[in-house]
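Subject: Structure for your review

Dear colleague,

Please find below the sequence and the structure that I am handing over to you. My findings follow directly after it.

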Amino acid sequence: MPHQAYARLRDAIMRGDYAPGDALKPQDLAREQGVSLAVVREALVRVVGEGLADRLPNRGFAVPAFSDRRWQEITEARWTIEPVMLRMSVERGDVDWEARVRAAHHRLTRTPAYVPEEGEYYSGAWSQAHRVFHRTLLEGCGNPVLLETFDRMWTASELARRWSAHRNPDRDGVGEHRRLEETALARDANTAAEVLAQHLTLTAAELTGGTCHEPAKEA
């Protein structure tokens, strides 16, 4: 029962059933789901841990407020960590990792990004295949702490995408993912990291109206 309440709440937030900043009132959620307040509070604590809700002092729980600043912070964290993880994966990944990367990329390319019944948002199946591809690329690093960090950043990123996503016909997302697969499996760590950084730059620009820039590199 606790897991079901958490899963329903998480899915509702990710679907966009709640607007940014909406209050998540335990009493209302308990009544809607037909569960106890204790179960709902446990679910709320879990979604807070995933970055899908904020716990506000003396004000209860709420869906995170979305702003360009929040997205910039998420993107800065991803720029800082994910290319490093990809370098580690390229250097450490074994043949099994290579096979998983190929399989994840194949599934991504065969999954429709949009389906009529889900409107203008990326389809649930594509979003899942997209996450699995990116995570699989990084799993070769072999560091579970870094992968847990990636999971949290990805969840926050997907929530922002859900609120802001729109189709960009000029972007070659298929080509970007293919290039990521190719450079990683060619064991070209430097190029793979650069391709991933550029991929993140383009995603950030989409969600901030083209105003997001890659952080300055040290000389």
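The strands are taken up before the rest. They form an open sheet of 3 strands in the order 1-3-2, with antiparallel pairing. Strand 1 (23–24) and strand 2 (54–56) are at the edges, each with a single partner strand, so one side of each has no neighbour in the sheet. Strand 1 and strand 3 (residues 60–62) run antiparallel and are joined by 2 bridges. Across this pairing, Leu24 stands opposite Phe61 in strand 3.

Please note that this is a predicted model. As for the chain in general, its secondary structure amounts to 9 helices and 3 strands, and along the sequence these follow the pattern α-β-α-α-β-β-α-α-α-α-α-α. The chain has 219 residues, of which 45% count as buried. Among contacts in the chain with a separation of 6 or more, 69% come from residues 24 or more positions apart. The exposed area of the chain is about 11700 Å², and carbon and sulfur atoms supply 51% of it.

Helix 3

The 13 residues of helix 3 (residues 37–49) should span 18 Å at 1.5 Å a residue, and the end C-alpha atoms are 18 Å apart, which agrees. Which residues of helix 3 are buried? They are Val39, Val40, Ala43, Leu44 and Val47. Seen down the axis of helix 3, these buried residues fall within an arc of 135 degrees, so they line one face of the helix. The buried residues pack against helix 1 (2–15), strand 1, helix 2 (26–33) and strand 3. Helix 3 thus has two partners that are strands of the sheet, strand 1 and strand 3. Just after helix 3, Gly51 adopts a positive phi of about 85 degrees.

Helix 5

For helix 5 (residues 95–109), 15 residues at 1.5 Å a residue should span 21 Å; the end C-alpha atoms of this helix are 21 Å apart, in agreement with that value. Its buried residues are Trp97, Val101, Ala104, His105 and Leu108. These residues cover an arc of only 100 degrees around the axis, which puts them on the same side of helix 5. They pack against helix 4 (68–92), helix 6 (124–139) and helix 8 (173–185). The face turned away from this buried side carries the exposed residues Val95, Asp96, Arg102 and Arg107. At the N-terminal end of helix 5, Asp94 acts as a cap: one of its side-chain oxygens lies 3.2 Å from the backbone nitrogen of Asp96.

Thr201

Thr201 belongs to helix 9 (residues 189–207). Is Thr201 buried or exposed? Its relative accessibility is 11%, and because the cut-off for buried is under 20%, Thr201 counts as buried. With which side chain does the side chain of Thr201 make a polar contact? The partner is the side chain of Trp79, at 3.2 Å. Thr201 and Trp79 are 122 residues apart in sequence, while their C-alpha atoms are 8.2 Å apart in space. A polar atom of the Thr201 side chain also lies 2.9 Å from the backbone oxygen of Ala197.

With kind regards

Terms used:
Residues are numbered from 1 along each chain as its sequence is written. This is a predicted model: local features need pLDDT of at least 70, side-chain atom pairs count only at pLDDT 80 or more; totals for chains, interfaces and linings use all residues. Side-chain values use heavy atoms; hydrogens and water are left out. Helices (H or I, at least four residues) and strands (E, at least two) are DSSP runs, numbered from the N terminus. Buried means under 20% relative accessible area, exposed over 50%, partly exposed in between (1.4 Å probe, protein chains only). A polar contact is a pair of N or O atoms within 3.5 Å; within protein, one must be able to donate a hydrogen and the other to accept it, and residues adjacent in sequence count only if both atoms are side-chain atoms. Two strands pair if DSSP finds at least two bridges between them. The expected span of a helix is 1.5 Å times one less than its number of residues. The arc is that of the directions from the helix axis to the C-beta atoms. Contact means heavy atoms within 4.5 Å. Accessible areas come from the Shrake-Rupley method with a 1.4 Å probe; for residues, only the protein chains shown count as cover.
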